[in-house]
There are 2 protein chains.
Amino acid sequence: VSDKTLAELGESESLQRTIGRLTTSESVLIGPGDDAAVINLSENRFVVTTDSMIEDHDFKLNWSSGFDLGYKAVATNLADVAAMGAKPVALVVSLAVPKQTRISWLEAFADGLSQALTELAPTASVVGGDLASSEKVFISVTAHGDLEGRAPVLRSGAKVGDLLAVGGTLGKAAAGLALLTEGGSAAEAFDDLVSFQLRPRPPIELGVVAANNGATAMLDISDSLVKDASRIAEQSKVCLSINSSDLLGFQAVLEQAAQRLNQPALDWVLFGGEDHGLLATFPSLELVPKGFKVIGKVIAKKDHFVELDGQAIDPRGWDSVTG
Amino acid sequence: VSDKTLAELGESESLQRTIGRLTTSESVLIGPGDDAAVINLSENRFVVTTDSMIEDHDFKLNWSSGFDLGYKAVATNLADVAAMGAKPVALVVSLAVPKQTRISWLEAFADGLSQALTELAPTASVVGGDLASSEKVFISVTAHGDLEGRAPVLRSGAKVGDLLAVGGTLGKAAAGLALLTEGGSAAEAFDDLVSFQLRPRPPIELGVVAANNGATAMLDISDSLVKDASRIAEQSKVCLSINSSDLLGFQAVLEQAAQRLNQPALDWVLFGGEDHGLLATFPSLELVPKGFKVIGKVIAKKDHFVELDGQAIDPRGWDSVTG
């Protein structure tokens, strides 16, 4: 079987081969193939977010397969939709790759998009895309959600007295990155952590659950627990107080890898991003949904945004420009 | 006044400086700054399209300013929304630029986005974005529209007996590209044509007008008149017959530049893309709106998709991968 390149097949044929591997969900009235797609909602508002990934800045091709990148591009964008309390309905994908890229790589990328949707948000589908050639791989995804009548959960709604809780994992993707950087047998020994870096699995369904339970503020942790917590604190004009004892469970699963690399597991939990778990505040313990773990509480505004065991802690994390 | 680079300011500050130059329109319930934006519609469907532009593939930085690129990225995506018969409401913009890019370039880019919206679709605004660093400039825009209860106008609805009409210009952007390629005094002498290549001005408002008048098929001419006409023909299972005499007006305004470059003006009209005018079919002459020019008619399916004065004409045009 011949595995032609993008240059040999051209844009239209390559796009068809890629798009053809995707299925559309119920909410798609007009799918790919016209000037634009038309999406159905349960109400007259929609949620929209965009994020891009660039070769050698956000990923390396010798670490990530086409499948991994398709999966990750979908997962990270779905997390932003979920963090608004919305149900994902549709995505559009812009992809640029070198002309000599094999069609099999594009097909694997499409399969990664598809697999992420199947696993994380079966109500959503890819409804459009753009394929172009470039020296480096560039991926840009825009994702859309349906609030189904709910109020969007913003970053600015946290109230003093609320509980702070995390849905999903903390530090696994950062541990995976450290293992990939180390390489060799370390990466092989902890391939479950590596897979969280390459194919993060945010708890998308918890976004709607949190909104239904009255979450007062929510975002997805893309940069780091402390940096993203400071965003809620800043926009809500409060301080977030985290208890280190509540992070022990997150640390425990990283401990063996941390010892292998001689790095502190707590740093991955506090300052590692890319798990794309949900960080939310709830008015009371009864309202914290199953799947969320309470890690602290909302206290009155201070000079700092976040504290750990009562001590100010500086936001650190990933800046997509300066690294 | 210091003009810092992206690397010096970092992502957040640079994004704020850029986003801060944009205003939001009425339909924006939640704008930039949270995980996602929330957009209001008049009904429970939305239209979505995406398109990207890559340095040295789709543009050259020594031809296009930051302002030009912002303007063009908006204009081309709005044309796809208009071609569905929808009113543009919101856009998200992903931009990647080299770290050493000056903030003044980013500000000019934002001003270009803003100016295009003001001129072409004042009902729409930029509601989110992503800024990253890369070796080459990469721009990806996703645009959204409101059908306001209208049926979307697809490529597949042209009927035998319909009239074929163009809204907007033909060949000006192609002439502009030829002039830029020639350079020097030729480009200076015809700067109005050059400006159509750098800042295309599609007749966005005509999309809704055409839909309201019962257009049976519509798309925006991005690749070339003949290539895009063949798309309507293929999807509608008809043949489109164009009269060269109806193209004379489009040719006439290009004639001086064509003579200067010793190139045939008709080639720019037939095979040049990027004006992003609207190509639509209407059931009768009375229904063809002001602003559209009839150039032919829909006839029964043949072995070819498009003919000029009764002779088959081969689709040629731009392929974003193979060029």
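Okay, let's start with a question: which residue of chain B comes closest to the rotation axis? It's B:Asn44, with its C-alpha at 2.1 Å. Keep in mind that this is a predicted model.

So where does that axis come from? Take chain B, turn it by 180° with a shift of 0.0 Å along the axis, and you can lay it on chain A with an RMSD of 0.0 Å. That's the relation of a two-fold axis. And the same surface serves both copies, with 100% of the contact residues of chain B recurring in chain A.

Now the sheet. We've got an open sheet of 6 strands with mixed pairing, and the order runs E1(A)-E2(A)-E3(B)-E6(B)-E4(B)-E5(B). At the edges stand E1 of chain A, 28–30, and E5 of chain B, 125–133; each has a single partner strand, so one side of each is left without a neighbour in the sheet. From one strand to the next, the twist averages 25°.

Zooming in on one pair: E3(B), residues 45–54, and E6(B), residues 138–146, run antiparallel over 8 bridges. One to click on is B:Thr49, whose bridge partner in E6(B) is B:Ala143. Packing on the sheet is helix H3 of chain B, residues 103–120, which touches E4, E5 and E6 of chain B. Its direction makes about 165° with that of E4(B).

Last, the helices in chain A. H2(A), residues 66–82, packs with H3(A), residues 103–120, at about 40°, axes 6 Å apart, and the crossing is right-handed. Among the residues that meet there are A:Phe67 and A:Leu78 from H2(A), and A:Trp105 and A:Phe109 from H3(A). The contact's residues split into 13 nonpolar, 4 polar and 2 charged.

Methods: Residues numbered from 1 in each chain as written. Chains lettered and ligands numbered in written order. Predicted model: local features only at pLDDT ≥ 70, side-chain atom pairs only at ≥ 80, totals over all residues. Heavy atoms only, no water. Least-squares fit on C-alpha atoms with pLDDT ≥ 70 in both. Contact = heavy atoms within 4.5 Å. Axes fitted to C-alpha atoms, helices over the stretch in contact; angles between N-to-C directions. Helix = DSSP H or I, 4+ residues; strand = E, 2+ residues; numbered from the N terminus. Left-handed = near helix turned anticlockwise from the far one by under 90°. Nonpolar A, V, L, I, M, F, W, Y, C, P; charged D, E, K, R; others polar. Pairing = 2+ DSSP bridges.
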